[in-house]
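The following account leads the reader through a set of helix packings and the residues associated with them. Please keep the sequence and the structure in view while reading.

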Amino acid sequence: MLKKYIGDAAFYRRAMAVAIPIIIQNGITNFVSLLDGIMVGRIGQCEMNGVAIVNQLMFVFYLCVFGAVSGAGIFTAQFHGSQDHKGIRQTFRFKFLIGLAVSAVGITLFLTLGEPLIRLFMQSETDDPADIARSLAFGQEYLAVMLLGMVPFALSNTYSGTLRECGQTVVPMVAGICAVTVNLVLNYILIFGHLGFSAMGVRGAAIATVISRYVELAVVAVWTHLHGDRHPFIRGAYRSLYIPGSLLKQIIIKGLPLMVNELLWASGMTVMNQCYSTRGLDVVSAINICVTLSNLTNVVFLSMGNVVGIIIGQLLGAGKSEEEVRDTDRKLITLSVFSCLIFGSLAASVSGVFPRIYEVSDTARSIAAALICVNAVAMPFNAYNHSCYFTLRSGGKTMVTFLFDSCFVWCVSVPLAYCLSRFTGLPIVPMYALCLSADLVKCVLGTWMLKQGKWIQNLSGT
């Protein structure tokens, strides 16, 4: 029985060869984000609230970019499995163009609607108007600089995503390490004013982040162009931006639901956080503290989702048998869930200590500790759902993933959060737990979808 869920040494060597560089990159990125949050949190609670709200809004943009390039990434992984370098080059071009387009839309929206969007998270009648005004001002200051980093973020995802789908996970990891190192050093210098620089506060944090985006893009792009022998897709990638109509149609059909899914899912999460924020600015601070730690501990299952998508996509593209594909997928999901049992326990163990790092009220610290424990319990279930999502996506079932992911959020999670926040006096901790528990339904749906097997299909044409 255990052999169905536990692989041999060769299986784990293959999985870890893909997973470890992604986990290291994401882990370092989120560790530095944790330090960023702590640094800003050491300035003051209003500063942290302003930055946290803007980062929640930017999160929607980040996932839109991810969804836009991932639609083509489904084909990239399968083209790599069939060694079709021309096909990879054409999917790369699509990612480049769609990344620029999403960036242009995002910049326009934030320039025109930035202030009212930030104000949506400051709806509590119990907060001091002066604190609301200060939080808003810091948020606007931070957003104005962060807009400069949106294009390099999209282009970095274009290069890094393509390399990962072609089995090269080390270079994106190195680029990420370089970026977060620059970000961390500049944060220390610019936020607090060291080495002759004046203290810039939240503006310094934003400048450091933007510079790190350009560093990451430079590293991954320069390496890719210097190693065209290893990755022939980059040769002539910009000679023209031609993409065959038949492939473009396929990418749009398969990829558009994925992009819309990421947009709706991210916006749904943002709306839920806005519902939580009706309980006051202390809750905004607590949510930010909880999310900062959760982003670090969630690295394993989020990275394992990418591993599932890459490995299963390559197996499908190489024409492997249904039995082999199912067996590999089942063992990868088991690995992800088991890892999250461990990391969830670690998160819960530091829930009482971690919030004390921040210069926030005792109320915010107490709420944050409770929310961290709730998230820790939910981690294994999130890992299972995330792996189901990437499994379905690897076979091109993006419409199914759309229904599984964003439709569930907007039809179940968001209405639940809205009703609990507007029509009850339920405190934030039980309200948060109830909203997360809705995802248990997705575990059942995910199991059923995997057993159906309709996601097992070769899109590479081989």
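In which sense, left-handed or right-handed, does α6 pass α7? The model under discussion is predicted, so that local features need pLDDT of at least 70 and side-chain atom pairs count only at pLDDT 80 or more, whereas totals for chains, interfaces and linings use all residues. Residues are numbered from 1 along each chain as its sequence is written, and side-chain values use heavy atoms, with hydrogens and water left out.

The crossing of α6 with α7 is right-handed. A crossing is given this name if the near helix is turned clockwise from the far one by less than a right angle, and is left-handed if the turn is anticlockwise. Helices are DSSP runs (H or I, at least four residues), numbered from the N terminus. Two packed helices are described by the angle between their axes and the distance between the axes. For α6 (residues 170-192) and α7 (residues 202-226), the angle is about 155 degrees and the axes lie 8 Å apart. The axes are lines fitted to C-alpha atoms over the stretch in contact, and angles run from 0 to 180 degrees between N-to-C directions. The two helices α6 and α7 are therefore roughly antiparallel, a term for angles over 145 degrees, while angles under 35 count as roughly parallel, 65 to 115 as roughly perpendicular and the rest as oblique.

The residues of α6 that meet α7 include Val-171, Ala-175, Val-182, Asn-183 and Leu-186, and those of α7 include Ala-208, Thr-209, Val-215, Glu-216 and Trp-223. By class, this contact of α6 with α7 comprises 16 nonpolar, 6 polar and 1 charged residues. Here Ala, Val, Leu, Ile, Met, Phe, Trp, Tyr, Cys and Pro are nonpolar, Asp, Glu, Lys and Arg are charged, and the others, Gly among them, are polar. Contact means heavy atoms within 4.5 Å.

Thr-209 belongs to α7 and is buried, with a relative accessible area of 9%. Buried means under 20% relative accessible area, exposed means over 50%, and partly exposed lies in between (1.4 Å probe, protein chains only). Apart from neighbours within four places in sequence, Thr-209 is in contact with Tyr-142, Met-146 and Asn-183. The loop between α6 and α7 holds Leu-195, which is exposed at a relative accessible area of 71%. Most residues other than glycine have a negative phi. Leu-195, however, has a positive phi, near 55 degrees.

A second packing involves α2 (residues 45-81) and α5 (residues 150-165), whose axes are 9 Å apart at an angle of about 25 degrees. That angle makes α2 roughly parallel to α5, and their crossing is right-handed. Among the residues in this contact are Phe-61, Val-69, Gly-73 and Thr-76 of α2, together with Phe-153, Thr-158, Thr-162 and Glu-165 of α5. The contact of α2 with α5 has 9 nonpolar, 6 polar and 1 charged residues.

Several of these positions recur around Lys-95, a residue of helix α3 (residues 85-119). How accessible is Lys-95? Its relative accessibility is 1%, so Lys-95 counts as buried. Not counting residues up to four places away in sequence, Lys-95 touches Val-69, Ala-72, Gly-73, Thr-76, Thr-158, Gly-161, Thr-162 and Glu-165. With Glu-165 there is also a side-chain polar contact of 2.6 Å; such a contact is a pair of N or O atoms within 3.5 Å, where within protein one must be able to donate a hydrogen and the other to accept it, and residues adjacent in sequence count only if both atoms are side-chain atoms.

The third packing pairs α12 with α15 (residues 440-452), at an angle of about 35 degrees and with axes 9 Å apart. Their crossing is left-handed. Phe-381, Tyr-384, Asn-385, Cys-388, Thr-391 and Leu-392 of α12 meet residues of α15 including Leu-440, Cys-443, Gly-446 and Leu-450. The contact of α12 with α15 divides into 8 nonpolar, 4 polar and 1 charged residues.

Tyr-389 also lies in α12 (residues 362-394) and, at 4% relative accessibility, counts as buried. The C-alpha atoms of Tyr-389 and Gly-446 are separated by 7.6 Å, although the two residues are 57 apart along the chain. Leaving aside neighbours within four places in sequence, Tyr-389 is in contact with Leu-258, Asn-261, Glu-262, Thr-401, Phe-404 and Asp-405.
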